[in-house]
Each structure stands twice: as structure tokens, then as C-alpha cells.
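Colleague: I am new to this structure. Please take me through one part of it closely, and then show me what lies around that part.

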Amino acid sequence: DQTLNNGDGLCFTDFSGSLKGLRINSVKNGLIQTQEREYPPIGTLIFRNLDTAFQKQLQQSSNCRKIGVRFVLLYNEDDLQLTAEDEDGIHAAVKLDGPFDAANNIEKALENLNRQLKKAGDTCFTVRNVAIEAKIIPFLPVSVVNTLRRDCLNQLLAERKGHYRLEPLAIKPNDYPWLSDTATRYDNIVNKKAEAFYRRHGVTNFPVPAESGDNPSEISLMTTRYCIKYQLDLCPYAGSQNKRQQFKEPFYLEDNTGRYQLHFDCKACQMKITRQ
């Protein structure tokens with residue numbers, strides 16, 4: 001009964017306890033089309049862990065959290081001062097030397113000052129209130145008001161950064177139970193500190209780690225859907241028949257770190273790498 005979209009991500013837990021993921025290619029007549037070859041058994045509880053429509057809505061949202069600011073514009077004929085106070089009580093002020101000509105149309109001048117000072121643009125602030133304190137209302141070009149407002153907000157932002165204090169958080173070790181009392185070789189527990197960590201969380205059985213160097217040919221260093229046989233046009237399902245006859249397995253990769261054997265599970269479309 002949920003509306004699904006192309007590109008949505010689904011996930012489920014299989015019988016072995018492993019988390020599996022699917023990406024929706026399309027939805028037609030209530031059926032989900034996907035490229036993955038592994039499907040959840042009937043009765044499996046499926047979760048959506050990526051909602052593309054919701055993500056798009058978030059990106060287009062303009063209702064972002066902003067910091068409220070109150071402006072006070074003070075003119076005393078000698079200079080013009082704009083003071084900002086944010087919702088956390090932090091202040092900033094900028095001055096502009098006068099004098100300025102008096103406005104002929106006071107009502108229109110006040111309207112223009114209020115309108116320009118309430119524009120915070122793409123800053124992290126939103127102007128909630130503007131107060132103008134002056135016996136004589138000055139006539140100010142729009143460019144002057146904008147510069148005054150911009151400089152004041154920039155200074156306020158600098159003041160906020162200067163007032164910010166990072167609260168220290170103490171690291172408190174815990175003993176929450178691990179997923180199992182047995183670690184896997186892929187956890188790579190190769191030193192005493194790592195082993196002590198797992199023991200604190202209830203792990204008692206420690207197999208040979210994958211990077212210990214013991215039994216290297218039996219330990220998979222990597223399992224990937226990227227396949228060199230497919231890259232070389234040797235795939236038994238999609239490759240060239242003539243090319244497949246020219247090469248014999250096993251295949252190896254070599255570099256200055258050693259020699260690695262490639263194992264191919266063509267049915268599952270996976271390639272596994274082990275150290276030789």
C-alpha cells in the first residue's frame with residue numbers, strides 16, 4: 001500500500017541474518033523491477049531505506065532552521081549605527097559616518113528602511129524585527145542600507161563563532177553485548193587491544209583473522225561483483241567463445257605486495273580474491 005518510486009532503496013534480512021539491499025528500477029502494476037538476482041523469500045519483512053521522492057522534497061525545501069535577529073537602526077545626525085541582536089543574546093554593531101540628508105517623504109523612507117533591513121538573503125539569519133530610532137529620518141540609498149545590513153550580519157556571524165564553545169564529552173567504555181559471542185575472521189582482530197575490546201562486549205571465540213597471514217589461500221580478502229573475466233570478454237554467459245578457449249584458469253593478480261588468486265562464482269556473478 002506504499003507509493004514506491006524508481007531509484008528507491010529496499011532492504012531485508014535473509015535467513016542467515018545478513019542484511020541485503022535492492023534498488024528499484026521501476027514499479028509496474030504493483031510489481032517491483034530490480035536488477036539484483038537475490039530476492040527475499042515470501043513472507044520477508046521489507047524496509048525502504050531510501051525514498052527518492054522524500055530526498056528530492058528535502059533538497060527543494062526552503063523551510064530551513066535559521067537564527068532570529070532583531071535590528072536597531074540609530075541615527076543621531078553625526079553617525080548612523082545598526083545594531084543586531086540574535087536569539088542567543090549575541091550582539092554586533094556597525095557605524096556609518098554622517099550627516100545624511102533628511103527624507104522628504106518620511107513614510108516612504110521608513111518603509112524602504114524596513115524592507116531593506118528585513119532582507120537576510122541566503123545567510124543563516126532571519127530578521128524578525130526592525131526598530132528605527134531617530135529624531136530625523138535620513139534619506140539613505142538602497143545600496144548604503146544593503147551594505148550596512150550585510151556588514152552587520154557578517155560581524156554577528158563572526159561574534160557567534162567567537163562565542164561558540166565545544167562541550168567536552170567524556171568517552172565512557174561500555175559492555176553492551178556484541179551481535180554474537182564468536183567473532184569472524186573478517187573482523188581482523190590482530191592485536192591485544194582489539195581482542196580486549198571484543199572480550200569486553202562478550203565475544204569469547206576468536207578465529208584466525210583474515211590479515212594474519214595464516215592459511216591465506218582459504219581466506220577471501222575481497223568478494224566483488226566486478227569481474228575480470230567479464231572485463232576481458234571471457235564471461236561464460238556474455239563473453240566470446242573464441243576468447244574463452246584461449247585462456248585457462250586459475251587467474252592471478254600480482255603487484256609489489258604479493259600474488260593473489262582469482263576465484264569466479266559465475267552463477268552468483270561474483271569474484272573472490274585470495275592471497276597466495
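Modeller: Start with one residue pair: Leu253 has Tyr260, in strand 11, as its bridge partner. This is a predicted model, in which local features need pLDDT of at least 70, side-chain atom pairs count only at pLDDT 80 or more, and totals for chains, interfaces and linings use all residues. Residues are numbered from 1 along each chain as its sequence is written, and side-chain values use heavy atoms, with hydrogens and water left out.

Now widen the view. Strand 11 covers residues 258-265 and runs antiparallel to strand 10, with five bridges between them. Strands here are DSSP runs of E, at least two residues, and helices are runs of H or I, at least four residues; both are numbered from the N terminus. Two strands pair if DSSP finds at least two bridges between them.

Both strands belong to an open sheet of four, in the order 9-12-11-10, with antiparallel pairing. Strand 9 (220-224) and strand 10 (251-255) are the edges, and each pairs on one side only. From one strand to the next, the twist averages 25°. Such angles run from 0 to 180 degrees between N-to-C directions, using axes that are lines fitted to C-alpha atoms.

Next, the cores. A nonpolar core is a set of buried Ala, Val, Leu, Ile, Met, Phe, Trp, Tyr and Cys residues joined through side-chain atoms within 4.5 Å. Buried means under 20% relative accessible area, exposed over 50%, and partly exposed in between, with a 1.4 Å probe and protein chains only. The largest core has 26 residues, and Val69, Phe71, Leu73, Leu82, Leu117 and Leu156 have the most contacts inside it. Among the elements giving it two or more residues are strand 5 (67-75), helix 2 (106-117) and helix 3 (142-163). A second, separate core has nine residues, including Ile228, Leu262, Phe264 and Ile273.

Helix 2 also holds Gln116. Gln116 counts as buried because its relative accessibility is 7%. Its side chain makes a polar contact with the side chain of Asn146, at 2.8 Å. A polar contact is a pair of N or O atoms within 3.5 Å; within protein, one must be able to donate a hydrogen and the other to accept it, and residues adjacent in sequence count only if both atoms are side-chain atoms. Not counting residues up to four places away in sequence, Gln116 touches Val142, Val145, Asn146 and Arg149. Contact here means heavy atoms within 4.5 Å.
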